[in-house]
Every structure is written in structure tokens, then in C-alpha cells.
Number of protein chains: 4
Amino acid sequence: MNSAFRKLSFASDYMEGAHPSILSRLGEINFDKNPGYGADSICESARRKILAACSCPKGEVHFVVGGTQANALVIRSLLKPYQGVIAAESGHINVHEAGAIEAGGHKVLTLPHSSGKISAEAIERLVWSYWEDETHEHIVMPGMVYISQPTELGTLYSLDELTAISQVCRKYELPLYVDGARLAYGLACPENDVSLQDLGTLCDIFYIGGTKCGALFGEAVVIPKRGLIPHFFTLIKQQGALLAKGWLLGAQFDVLFTDGLYLRIGKPAIEAAGRIRDALKEQNIPLCFGSPTNQIFFAVDEKQRAFLREKVDSSFWEACGGGHTILRFATSWATSPEDTDALIQVLQAL
Amino acid sequence: MNSAFRKLSFASDYMEGAHPSILSRLGEINFDKNPGYGADSICESARRKILAACSCPKGEVHFVVGGTQANALVIRSLLKPYQGVIAAESGHINVHEAGAIEAGGHKVLTLPHSSGKISAEAIERLVWSYWEDETHEHIVMPGMVYISQPTELGTLYSLDELTAISQVCRKYELPLYVDGARLAYGLACPENDVSLQDLGTLCDIFYIGGTKCGALFGEAVVIPKRGLIPHFFTLIKQQGALLAKGWLLGAQFDVLFTDGLYLRIGKPAIEAAGRIRDALKEQNIPLCFGSPTNQIFFAVDEKQRAFLREKVDSSFWEACGGGHTILRFATSWATSPEDTDALIQVLQAL
Amino acid sequence: MNSAFRKLSFASDYMEGAHPSILSRLGEINFDKNPGYGADSICESARRKILAACSCPKGEVHFVVGGTQANALVIRSLLKPYQGVIAAESGHINVHEAGAIEAGGHKVLTLPHSSGKISAEAIERLVWSYWEDETHEHIVMPGMVYISQPTELGTLYSLDELTAISQVCRKYELPLYVDGARLAYGLACPENDVSLQDLGTLCDIFYIGGTKCGALFGEAVVIPKRGLIPHFFTLIKQQGALLAKGWLLGAQFDVLFTDGLYLRIGKPAIEAAGRIRDALKEQNIPLCFGSPTNQIFFAVDEKQRAFLREKVDSSFWEACGGGHTILRFATSWATSPEDTDALIQVLQAL
Amino acid sequence: MNSAFRKLSFASDYMEGAHPSILSRLGEINFDKNPGYGADSICESARRKILAACSCPKGEVHFVVGGTQANALVIRSLLKPYQGVIAAESGHINVHEAGAIEAGGHKVLTLPHSSGKISAEAIERLVWSYWEDETHEHIVMPGMVYISQPTELGTLYSLDELTAISQVCRKYELPLYVDGARLAYGLACPENDVSLQDLGTLCDIFYIGGTKCGALFGEAVVIPKRGLIPHFFTLIKQQGALLAKGWLLGAQFDVLFTDGLYLRIGKPAIEAAGRIRDALKEQNIPLCFGSPTNQIFFAVDEKQRAFLREKVDSSFWEACGGGHTILRFATSWATSPEDTDALIQVLQAL
């Protein structure tokens with residue numbers, strides 16, 4: 001990667017390793033002897049810090065390695081065999097996890113989405129339509145709600161929206177689960193008004209993303225009220241999600257939740273994304289979905305796409321008619337100002 | 001852990017981090033931009049080196065995070081729904097993976113073991129008893145064979161034994177899968193006569209352990225003949241075993257398979273284990289199971305156990321009658337001569 | 001049920017027992033000693049007759065007890081773990097089987113329907129969109145196609161439509177499975193141009209419904225080309241779908257496929273349905289979905305619904321706005337002309 | 001089967017159809033119109049009679065079609081994902097259901113058996129060994145107990161033995177499930193001291209066998225305390241175990257539980273078995289397992305086996321060394337005195 005001409009890459013937000021302070025920490029403790037499976041003091045410290053940040057000191061934290069793993073594990077563990085999970089049609093569990101939820105025995109009950117989001121009203125309607133159906137005993141029962149914050153399209157639930165969803169969930173006793181794979185980019189976003197404490201209050205379970213947010217790998221599953229999932233440890237083991245050296249995950253989250261690093265770590269990504277959006281707007285390239293976070297969706301024609309392909313890696317999102325294509329740039333905590341500058345130069349030549 | 005009195009720990013072989021050259025490598029590449037899911041050049045390099053070491057250049061290598069994950073994934077992917085996996089009663093998949101194989105829909109067809117090992121003859125008898133049963137269509141069909149090298153009791157299959165098992169497996173078209181969680185400790189053992197090339201020749205699939213053998217985490221699943229499991233990538237994803245930053249695994253195995261490090265890395269553990277066994281023998285403490293590798297099993301009485309408990313962490317293995325208990329010490333690539341000396345001093349005071 | 005005033009019931013087509021010749025047959029053979037699990041001569045005879053009727057003499061027939069069981073069994077047995085089944089959104093497996101397909105580990109990949117039917121074009125588009133997606137290895141692969149003939153809305157695929165679907169399926173190597181729960185009512189319908197032989201030629205697997213079509217219970221799963229599903233017997237057993245006294249199923253289908261009874265048995269139902277439709281039209285009650293078979297869907301207002309509720313049992317289908325409701329009447333092989341007359345009288349008073 | 005020479009068959013107890021009063025009843029109600037899925041008055045009547053016979057008037061009864069189906073359904077529905085079911089090694093679920101329990105995600109935790117039975121003590125030891133293992137969170141938790149009455153080897157738990165098992169189960173909160181596939185043959189046996197009321201008191205769930213005990217097909221799952229399995233109806237549907245015409249099952253059990261027929265129906269089988277055992281003893285043929293019920297196990301040498309093979313169908317049970325084989329004769333409610341006489345004549349010629 002040290003060639004004179006270096007192709008830019010804004011293809012995803014998990015191309016780099018970890019925040020340097022995480023690497024240092026791993027180096028420092030490398031020859032310590034820690035017990036396995038998360039029963040060590042570093043995990044304990046990380047758990048305390050996370051629960052404090054979420055204002056739910058009596059909750060539980062479980063560390064797992066990745067997002068699909070976290071989703072499959074949480075959903076299988078929470079649902080009864082006769083239940084399914086309500087999610088947006090665009091939800092990651094519905095479209096991009098190779099059928100992991102169904103492989104665990106459960107139907108994804110999809111709702112149409114608006115820029116990646118679903119509403120409290122739509123959830124309530126689905127629940128009613130189940131219970132009002134005279135034959136509902138032949139139908140999959142809605143058993144929990146899955147949303148992502150930020151969503152797969154980079155949008156954010158407002159505190160009002162999340163509160164409304166939480167209220168519907170509690171009214172109908174549906175656990176609310178939030179997939180926070182990119183949570184740091186939500187927390188760092190000026191438009192955001194949902195804090196970690198709000199998640200700790202409004203959700204029954206959520207995960208704080210590490211893989212895309214400064215860790216080498218790992219996600220922290222938070223259960224604000226202890227005891228939601230009995231024998232969760234054994235379920236984690238059974239599903240192959242228990243890291244032998246659990247302290248590797250603990251150490252990373254301990255660093256991320258020291259001195260508020262997790263709240264700050266997404267800022268450079270948001271700033272870079274803002275600058276890139278401005279550059280796209282100046283070129284009259286239409287932005288899509290209204291994402292304010294680190295994912296930038298935009299529509300290009302064939303010629304523009306070909307031009308970009310030479311200079312910068314992006315993600316193909318979807319064809320959108322008339323020969324246009326929606327592409328995605330993603331910035332990350334590790335995106336350098338130099339790369340952003342270089343990308344903007346490319347965009348100005350479009 | 002810097003106190004003047006430091007309790008020794010020989011409780012397991014996954015208490016430390018990674019070989020220093022792995023940590024350096026991760027630091028060097030931390031800000032490179034790598035594509036996700038193992039589609040990067042580092043993984044590619046690691047795969048080439050592993051396949052060369054196993055003399056199966058046309059094979060496949062897939063990196064996953066942990067051993068239970070590897071086992072569940074491989075076994076679910078290989079078996080048909082009407083098949084089960086043959087294993088020793090003492091096999092890790094039968095006793096210590098929280099029912100992961102059954103959770104994936106399959107029965108573990110157990111055979112009695114001899115010091116953790118099963119024989120070609122016993123496998124053949126089980127297969128015959130299935131086919132000879134007039135009602136076998138109502139019975140789980142044996143569909144593959146699982147063994148561990150070294151076994152859970154630290155013993156090793158000889159090349160003759162493994163060859164015989166391989167021949168039976170091929171005769172009856174049962175894929176042979178070897179769990180190599182501690183493979184480096186087998187390879188470094190003077191008693192061992194089974195090489196990586198032998199595994200590449202005799203097995204249909206096996207994994208080379210990283211977690212317990214010098215990596216931070218990770219196992220390399222090797223398929224000597226490409227194509228054994230169609231769409232394995234999607235199955236890995238579906239089971240939550242696909243690491244987004246696959247290059248983290250690739251980089252670790254690339255280091256382990258550069259200049260033969262993996263073949264050497266277990267040596268200090270074997271030497272330390274030898275010295276500890278000698279010390280135990282001098283004290284007339286009975287050794288168990290005949291393990292020549294990095295796990296040392298030995299039987300103590302109540303008084304000896306109480307004495308040891310103060311000075312050194314070990315693993316409880318099993319009660320063995322007459323107030324005696326089998327304990328386990330495990331050494332690792334990271335065991336220091338100082339710790340071994342200190343342990344021997346403790347043992348001499350028994 | 002012998003009261004002077006007898007409320008009519010057209011609520012479903014599985015309210016009565018079996019065709020009298022089936023009951024007689026069961027009586028005749030009651031004290032014969034038959035081997036279990038379908039290995040008897042009666043099953044053998046029934047299989048031969050069914051395969052002859054379907055012009056696939058070298059095929060396989062397996063008898064199971066019910067439709068949901070047949071669907072779950074066939075779909076789980078055919079799909080690989082990384083695959084899902086394409087079906088209409090209105091397909092029985094998607095809406096009314098309590099998540100049995102997902103409980104077996106598979107996603108239902110839904111297509112919008114037109115009066116219960118899906119098209120060859122829509123199937124092909126879905127397959128292409130899968131293969132064209134650069135990330136399709138993270139997505140459930142379409143692995144087979146499920147359709148119902150007649151559909152859940154009483155409509156029929158024409159021979160042209162079915163041929164087109166079959167061609168797409170063969171082009172992309174997707175097994176085509178037809179749910180024939182109400183097949184007798186399709187075969188007896190003048191609008192129908194799809195014969196049993198066509199199913200034997202165009203499908204990879206289908207079931208001939210008994211439960212709703214004159215049997216006490218039971219469905220005959222037909223595989224035109226022997227060997228499609230290896231060890232299907234064991235899979236049937238494993239899923240609890242193997243009847244110990246398999247000859248109970250064989251005897252019923254043997255009667256149904258003697259002298260072409262199955263081809264005739266639906267006629268009275270179709271004639272009754274035609275008369276009921278005429279009566280509805282005369283009253284200007286809108287018919288829905290264009291069903292020509294034994295299910296009659298029609299829209300009523302609140303007052304009409306209340307009037308009907310007193311006199312006749314129907315099935316609620318769905319609310320359709322403006323205070324209107326779609327109801328369903330179902331006729332069956334056992335519907336008596338007297339009951340149809342009585343229903344028509346009721347309708348004339350609407 | 002009307003030839004002059006008719007080979008006798010004592011191969012199993014499900015070769016004939018149903019008690020004549022059941023066939024008559026099915027004929028009488030054949031053209032009644034009954035609602036589906038067990039929501040009819042006949043099922044309701046049968047449920048009341050069964051609960052009365054079991055002295056648990058507030059319990060639940062669910063009708064399913066077969067025994068493997070009942071077992072898989074009950075065990076999957078009761079166990080949590082991290083639990084397994086304790087059973088005898090010889091238990092039907094462990095050896096003869098094609099892995100149905102594992103296909104549902106659960107391990108069968110086997111205990112050695114004594115003539116098909118397990119003891120309260122062995123259950124308690126297994127539970128303790130789980131909880132005492134420091135690593136039990138990595139191990140399948142015992143979650144319920146499965147036994148058969150009569151057992152697969154024809155033996156019977158005494159009331160004392162069953163009471164002891166029940167007490168252990170309640171002490172450790174393990175639901176106790178009894179497979180009563182051949183229950184009528186236990187109830188009719190003079191050695192038996194376990195009544196239906198005892199089952200209603202000591203078990204958490206059990207099934208009363210119909211298929212082998214005078215019904216065409218069907219088993220009645222009894223839950224003495226309502227509410228043990230929430231949403232059981234949906235689970236029955238999901239597993240393909242819900243018969244559309246549920247009243248077919250209700251009608252059969254209604255007849256079997258009218259005027260105590262079920263308590264009497266096994267008597268002829270027990271008497272015939274007794275006469276056959278006497279004839280075997282007279283010939284010095286060793287009886288096996290001590291079965292007092294309708295299954296007769298006995299050991300023959302090669303010559304005897306060859307002789308018998310010509311005259312009568314039996315079941316091969318197992319080879320037992322020295323060229324001897326254990327065979328099984330089974331009598332049933334439908335065994336005629338003439339057939340028993342003929343068999344005894346054959347045995348006298350051995």
C-alpha cells in the first residue's frame with residue numbers, strides 16, 4: 001500500500017485495525033495470566049464502566065466477537081419457539097446475515113421502512129393484526145422488536161421516536177433490541193438526541209458496536225435489567241460466541257469506555273462525512289436517505305460511476321432506475337483528513 | 001499482578017495473549033485499509049503458507065475465531081440432517097460445548113475411549129452395527145468422524161493409528177475431521193510422528209489451533225481437497241463465525257506460518273511439561289492418561305490438593321475414588337522457565 | 001346435529017370424514033396383519049396407481065398425514081442450510097403454518113402475488129437479483145420454488161403458466177414443489193388445463209391432497225424422478241411424519257386412485273360452488289380473486305355479514321375497507337345438494 | 001392373506017386396525033360437520049373422559065398422530081435451548097427415532113438401564129454431577145426426565161419406583177414425562193400397580209398410547225396441571241403435528257375412554273403373552289428382561305431361529321453371543337386365541 005499512486009478507499013468502516021490506545025493496552029497485558037471466558041478483572045472493569053455510561057449499574061454486559069453473532073444470539077435467546085422478531089425490511093438481520101435468524105428457528109416479521117426506520121404505529125398495527133386474526137394460533141406471534149441505531153441507511157431514531165417504540169414494546173411486552181453496530185457514529189452526530197443512558201432506559205437489550213467503532217473486533221451486549229435471559233452464558237457458549245480469551249474483548253471496551261473515548265471516537269468520521277456531503281452537493285450529486293452519520297449515500301450516472309471507480313473504492317448500494325446507481329462512501333474513526341481532502345478533490349473533478 | 005508474592009498459574013493454556021511477533025505485525029498494519037471477510041492479501045498469503053505446510057496446495061483454508069465455533073460449523077456443514085458424528089465419549093464436542101452439535105440438529109454417536117482416543121476398529125464396528133440393523137432407517141446414520149489431536153487428555157494418535165482411522169473413514173465414505181486446538185503442542189512433542197502433511201493427506205478437514213498456540217485468537221480450518229463443503233462462506237456467515245476484519249486472523253496465521261514458527265512454538269511448553277512430570281514422578285505422584293504433551297494430569301490426595309491450592313492454580317479434572325483427585329497443569333508457548341522452576345520447587349515440597 | 005333448525009356450514013372443506021368407499025375398505029382390512037411404516041402391499045398398490053396416473057412410473061410416493069407436515073418435510077429435506085424457498089406472500093407456508101419453515105432453519109423468500117399466483121418472470125428476477133448482488137454470499141440463496149395448485153385463493157395456474165415456471169426452475173436448478181392440498185378441486189374444474197400427468201412432468205415434487213379431497217386424512221408426496229431426496233424415509237421418521245400403520249394411508253389412496261375416483265371426487269364441490277357464485281352475483285355481491293374452484297370469496301357489508309352469521313358458517317378472510325369484509329364459503333366432495341339449495345335460499349334473502 | 005397356509009405373525013403390536021367400536025363410531029359421524037383442529041365437541045368429550053380417568057379434571061389433553069411425534073413435540077416444547085433430556089440408553093428417543101430430539105436442538109443425556117428402567121438414584125446422581133462440575137456452564141443442563149411405561153423391553157415401573165422418580169424430579173424441578181405408547185398393556189397386566197390416576201399425580205406430562213392400543217392411530221398427551229407449555233397449540237401446528245380433522249382423534253379416544261374400554265383392551269394381549277411364555281419355558285427357551293407385558297423376549301440358537309422363521313414372523317432384537325439371538329414376539333388387543341394356539345403348537349415343535 002506504499003505505492004506512489006494510492007487508490008482511495010471509502011468502501012466501509014471496518015477496514016482499519018484499532019484505536020492506538022487499544023493496541024498499546026493489549027501489548028501491556030500480553031503476558032499477564034488471565035482466567036478465561038470473561039471471568040477476569042479487566043472484563044469486570046469494562047462492564048462497570050459501560051453500565052455506568054448507560055446509567056444502569058445493575059445491568060449485565062456480555063462481550064461477543066461480531067454483530068451477526070450478537071444478533072443471532074440475542075434473538076434466538078429471547079424468542080420463544082412460536083415467536084418471530086419484528087424488523088424493518090431493510091434490517092440487517094433480514095437482508096444481510098445469510099438467514100441466521102431463520103437458521104435459529106425464527107421468522108423475521110418485516111415492516112416497510114422509511115429511510116431504514118420503522119414506527120411505533122406500524123409495530124402496534126402488526127401486533128393488533130396478529131391478535132385480531134381469529135386464526136392467530138396458526139401464525140407466528142410477534143415476540144420482540146429489532147431496530148438499528150444508526151440504521152443500515154445511516155439515519156437516526158430521534159429520542160421521541162425511540163420513546164414511542166419503547167412504549168409500544170412495553171405495552172405489548174415485546175422486548176426491544178437495538179443493534180448498535182455503528183453506535184459511536186450516532187453518538188458523535190450533532191443531529192442525534194439519543195444518549196447511551198436513553199438506550200439503557202428505553203431498551204431491554206442492545207449492543208454497543210466495537211468492530212466498526214475503534215476496536216479490533218467485539219461488541220458489548222448490554223442488558224439493563226439483570227436476568228432478562230437466564231443461562232445466557234451457556235447460550236453464548238453453545239452458539240460458538242464465547243471467546244476463550246474474553247479479556248481481549250474486555251480490554252478493548254475498557255479502553256473505549258475510559259475518559260469517554262467511545263463518545264468522541266466517531267467525531268472525525270462525522271466531520272469527514274459532512275465535508276464529503278458538501279462536496280457532493282456542490283457537484284449537484286443527489287444525496288439519498290438523509291443519512292447524517294458516517295455513511296454517505298448518493299446517486300450517480302454511468303459516466304460518473306466509471307470516473308469514480310478509477311479513483312476511489314465505494315460500495316455499490318442499489319440500482320435506482322434511469323441508469324443511475326446509489327453508491328455509498330463510509331468514513332470511520334480512522335479516516336485521515338488527507339484522505340478526505342483527496343476524495344473531495346476527486347469529487348470536484350466529477 | 002505485580003505483587004511480591006505471585007501465585008503461580010498452570011490452570012490452562014490460553015491465559016496469555018499472543019506471540020510478540022504477532023502483536024508487532026498487528027501494529028504495523030493497523031492503519032492499512034483491508035477489505036473485509038477474508039478477501040484480503042494477508043489472508044491470501046496466510047492461506048498459501050498453511051497449504052504449503054500441509055502439502056495440499058489446492059486446498060482451502062477458512063479462518064474462524066474459536067474452537068467450539070469451528071467444531072459446530074464444520075460438523076453442521078458436513079452432516080446431512082439424518083446423520084450424526086462419531087466421537088469419543090471424552091470428545092470436546094460431547095462434553096464441553098454446551099450441546100452445540102445437538103443445537104445444530106445432530107446426535108453425537110459416542111464410542112468408549114482409551115486415554116481420549118478411539119480406534120479404527122471401534123469405528124468400523126459402529127458402522128457395521130448401523131448397517132446390519134434391519135431397522136437402521138429409524139436410526140441416526142453415522143456421517144463423519146471427529147477426533148482431537150492431541151486429545152482432550154493430552155495423548156497423541158500415532159501415524160499408524162491415524163492412518164487406520166483414515167482408511168476406515170474412506171472405506172465407508174465418512175469424512176474425517178481432526179480438532180487441532182492444541183496441535184502445536186502435538187507437533188512439538190518428541191513422541192509425535194504425525195506431521196501437518198500427514199493431516200493434509202489423511203483428513204478430509206481439520207483445524208489448526210491458534211487460540212491456545214500463540215495467536216491472540218483464531219483457528220484455521222483446512223480442507224485439503226477444495227470443494228468439500230459448497231457455499232461454506234455463507235454457512236460461516238450464517239453461524240456468526242465470519243469475522244468482519246478477517247485480516248486480523250490472516251495476519252496472525254501468516255506470522256505463525258512464516259519460517260516454521262508454528263512447528264517450534266510449542267517446544268517450550270513441552271520441555272516445561274517434561275520437567276514438571278519429572279518432578280511429580282520424583283514425589284511419587286501418579287501421572288494419568290499417559291499424556292506426553294503440554295497437559296499434565298496427576299492424582300493427589302486431599303492433603304496434597306490443599307497444599308497445592310495455596311501455591312498454584314491448576315484445573316480440577318475429576319474425582320477418582322479413595323479421596324483422590326485428578327488435577328491438570330497446562331503449560332503453554334508463553335510459560336516462562338522461572339514459573340516452571342517455581343512450580344517444581346512447590347512440587348518438591350509436597 | 002339432528003335438530004330441526006340446522007345452521008348451515010360452508011366454513012371449510014375438511015369438516016366431514018371420508019368417501020364411503022374408503023370407510024368400507026378400512027373395515028374390510030381391519031384385522032389383516034400388515035407390516036408397519038408403509039412397507040405393505042396396499043401402500044405398494046396405491047403407489048403404483050398414483051404413479052400411473054401421473055405418468056411417472058419410476059417415481060416415488062410417500063404418504064404423510066397432513067399438509068403442513070408435508071410442506072415442512074419436503075422443504076427442509078430439499079433445501080441446503082444456506083438456501084430459502086421462494087413463495088407467494090400469500091403462500092400457506094408463509095402465513096399459516098406457524099413458522100414451520102423457519103423452525104426448520106429456512107427463510108421464505110416472498111414474492112408479491114396476483115390472486116395467489118406468482119409468475120415465472122418474478123421468480124427469474126429474484127434469482128438474478130441474488131446472483132447480481134456483489135454481496136450475495138451474505139444473503140439467503142433461493143433454493144427451490146413453492147406454489148399451490150389450486151392456490152390459497154382458489155385460483156389455478158394454467159398449463160402455460162406452470163410450464164413457464166417449470167422452465168425457469170430447471171434453468172436455474174431450483175426444484176419446483178407444488179402443494180396440492182386441494183388438487184382434486186382443481187382437477188375437477190372446467191377452467192383447469194393442468195393434469196396429474198402435467199404435474200408429473202413439470203414438477204420435481206408435489207403432493208396430492210387427501211385430507212380435503214375425500215380421505216379421512218393423508219397426503220401423497222410424489223417425486224417423479226426417484227432419488228431426489230436421499231434417505232427421505234429417515235427424514236420422514238425424524239420429523240415425526242411417519243405413520244406406524246402406513247397402510248391406513250395406502251388404503252385410502254388406493255381407493256382414491258381406483259377407477260379414477262380422485263379425478264371425479266371434486267366435481268360436486270365445483271358444481272355447488274358454481275351455483276353459489278351465481279346466487280351471489282344475482283344479489284350483486286362482489287366475488288373476489290376470480291377463484292373458479294371450491295372456495296368462494298365475496299365481499300359483504302356489515303349488515304349482510306350480520307345476516308349471514310345467523311344462518312351459515314363461513315370463514316372470515318380479511319377486512320377490505322369501507323366497512324366491507326371478505327368472507328369465504330368452501331364446498332367439498334361431501335357437500336349435499338340440499339345444503340347448497342338451503343344456502344342459495346339464504347343468499348336470495350340477502 | 002386368505003391362503004390355506006397362513007404364516008403367523010407376532011412381529012409387532014400395530015399390525016391391525018382399530019377396535020370395532022371405533023370403526024363404527026367413525027362411520028356414524030362421517031357426514032357430520034365438525035370444526036377443525038380439535039375445537040369440536042367430540043374432542044371435548046374425549047378430553048373430559050380422559051382427565052376424569054386420570055383424576056386431573058383441570059388438566060389439558062392434546063391429541064397427536066403418533067409416538068415419535070408426541071415425544072419430539074413434548075421434549076422440544078418443554079426444554080430450554082440450553083437443556084437436555086435424561087433418558088435410559090435403551091429409551092425410544094435415544095435409539096429409534098432417527099435423531100428427532102437432536103434435530104430439535106437437544107441432547108439426550110443417557111443413563112445405563114436395568115431391563116429398560118432407570119432409577120431415581122441415578123437421575124439424582126446425574127443432576128448432582130452437573131451442578132458440582134465447576135465448568136457446568138459449558139455443559140448441557142439436565143432439563144427433564146423421559147421414561148416409558150411399559151418400557152421398550154416390556155418391563156414396568158412399580159408405583160414405588162415411579163414415586164421415587166417423581167420425587168427426585170420435583171426436588172430438582174425437572175418435568176417428568178412418561179411415554180405410554182403401550183400403556184394399555186401395562187394397565188392390563190396383573191403385575192402392574194401404577195394406575196392412570198397415579199400418572200396424573202406423579203407426572204408433569206405423559207401420553208396415553210392409542211396406535212398400539214386399539215385406535216387406528218393417535219396418542220393423547222395429558223398435562224395434569226394446565227399451563228405447563230404456553231402456546232402449545234401453536235407449537236403442535238408448527239411441528240406438523242396438528243391434525244386438521246382433530247375429531248378423528250377425539251372420536252377414537254372417546255370410544256376408548258367410554259365404559260373403561262382402555263383399561264380392558266390390553267387384557268387379551270397379556271393373557272396370550274402369558275400362554276406363549278409358558279410354552280417357551282416348557283421348551284427351556286430362556287426368556288429375557290423379565291417383561292410381564294405384551295412383549296415376549298427370548299433367546300434362540302441358530303437352528304431354532306431357522307425353524308421359527310418358516311412358521312412365524314417375529315422381530316429380531318439383538319445378537320447375544322454364542323450364536324444366540326434374542327427375538328421378540330408381540331401380542332396385541334387383536335391377537336386371536338386361534339393364532340396364539342397355533343403359535344404354541346409351533347413352539348412345542350421346537
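1. A disulfide is taken here as a pair of cysteine sulfur atoms within 2.5 Å. By this rule, the count over all chains is 0 disulfides. The structure is a predicted model, in which local features need pLDDT of at least 70 and side-chain atom pairs count only at pLDDT 80 or more, while totals for chains, interfaces and linings use all residues. Residues are numbered from 1 along each chain as its sequence is written, chains are lettered from A in the order in which they are written, and side-chain values use heavy atoms, without hydrogens and water.

2. Why does Cys56(B) lack a bond to Cys54(B)? The closest cysteine sulfur, in Cys54(B), lies 5.0 Å from that of Cys56(B), which is too far for a bond. Cys56(B) is buried (under 20% relative accessible area, 1.4 Å probe, protein chains only), with 7% relative accessibility.

3. The interface joins 46 residues of chain A to 46 residues of chain B by contact, meaning heavy atoms within 4.5 Å. The buried area (the accessible area, 1.4 Å probe, that two parts lose on being put together, summed over both) is about 3800 Å², and carbon and sulfur atoms give 61% of it. On the side of chain A, Tyr14(A), Lys33(A) and Lys245(A) lose the most area to chain B, together 19% of what that side buries.

4. Between chain A and chain B there are 4 salt bridges, each a side-chain nitrogen of Lys or Arg within 4 Å of a carboxyl oxygen of Asp or Glu. Asp339(A) forms a salt bridge with Lys33(B), with the closest N and O atoms 3.8 Å apart.

Notes
Buried < 20%, exposed > 50% of the residue type's maximum accessible area, 1.4 Å probe, protein only.
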